[in-house]
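Trainee: Please take one part of this model and go through it closely. I would like the surroundings set out before the detail.

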Amino acid sequence: MSRTYNPDLQSTEIWLDTATRTNVMDICSGYSSTAQSLCNEPSVAMYRVCEHVQKTTPLILQRKNTTAQAAQQGAERASDSDFALEAVQEMKKIVVFAELREQLLECAAELSKMARE
């Protein structure tokens, strides 16, 4: 089978039949797509990372601030409760309050007795 030069034919049409030419074009197209994807993959991944960071950073900062405020409120409440506990423990040590309580109970009993008479 001899081939002659035909200027209207593409270079692959000269040497390859239609099925082989189609297969070669598909393979070349696949390699080209794969190479393009591999070259673009790092930049696409970096874009996705940046997009994720921009989207989640405000939420994380908001949660951080909320947590800091809650911790501050908890520390204030703990300090208040420690102070109240200390005050109650100190009150137990004072004898005057026990005597005062007894006197108030005696006065209440006397008032109740006088009200009945």
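In what order do the elements of the protein run from the N terminus on? After that, which residues form the nonpolar patch on the surface?

Mentor: The elements run α-α-α from the N terminus on: there are three helices and zero strands in the protein (DSSP runs, H or I of at least four residues for helices and E of at least two for strands, numbered from the N terminus). This is a predicted model, in which local features need pLDDT of at least 70 and side-chain atom pairs count only at pLDDT 80 or more, while totals for chains, interfaces and linings use all residues. Residues are numbered from 1 along each chain as its sequence is written, and side-chain values use heavy atoms, with hydrogens and water left out.

The average pLDDT (the predictor's confidence in each residue, from 0 to 100) is 81, and 86% of the residues score at least 70. Confidence is lowest in helix α1 (residues 11-15), with a mean of 60, and highest in helix α2 (residues 18-93), with 86. Where pLDDT is low, the predicted coordinates should not be read in detail.

Of the 117 residues, 1% are buried (under 20% relative accessible area; exposed is over 50%, partly exposed in between, with a 1.4 Å probe and protein chains only). The accessible surface (Shrake-Rupley method, 1.4 Å probe; for residues, only the protein chains shown count as cover) comes to about 10,900 Å², and 60% of that belongs to carbon and sulfur atoms.

Now the part you asked about. M91, I94, V96, F97, L100 and L104 form the nonpolar patch, with about 560 Å² of accessible area together. A patch takes residues with over 30% relative accessible area and no salt bridge, joining nonpolar side chains (Val, Leu, Ile, Met, Phe, Trp, Tyr) within 5 Å and like charges within 9 Å. Helix α3 gives the most to this patch, with four residues. F97 lies in helix α3 and counts as partly exposed because its relative accessible area is 41%.

There is also a negative patch, formed by E99, E102, E106, E110 and E117 (Asp and Glu count as negative, Lys and Arg as positive, His and chain ends not counted; a charge is placed at CD of Glu, CG of Asp, NZ of Lys or CZ of Arg). E117 sits in the segment after α3 (95-116), and its 76% relative accessibility is why E117 counts as exposed.

The whole structure has one salt bridge (a side-chain nitrogen of Lys or Arg within 4 Å of a carboxyl oxygen of Asp or Glu). E51 and R48 form it, with the closest N and O atoms 3.2 Å apart.
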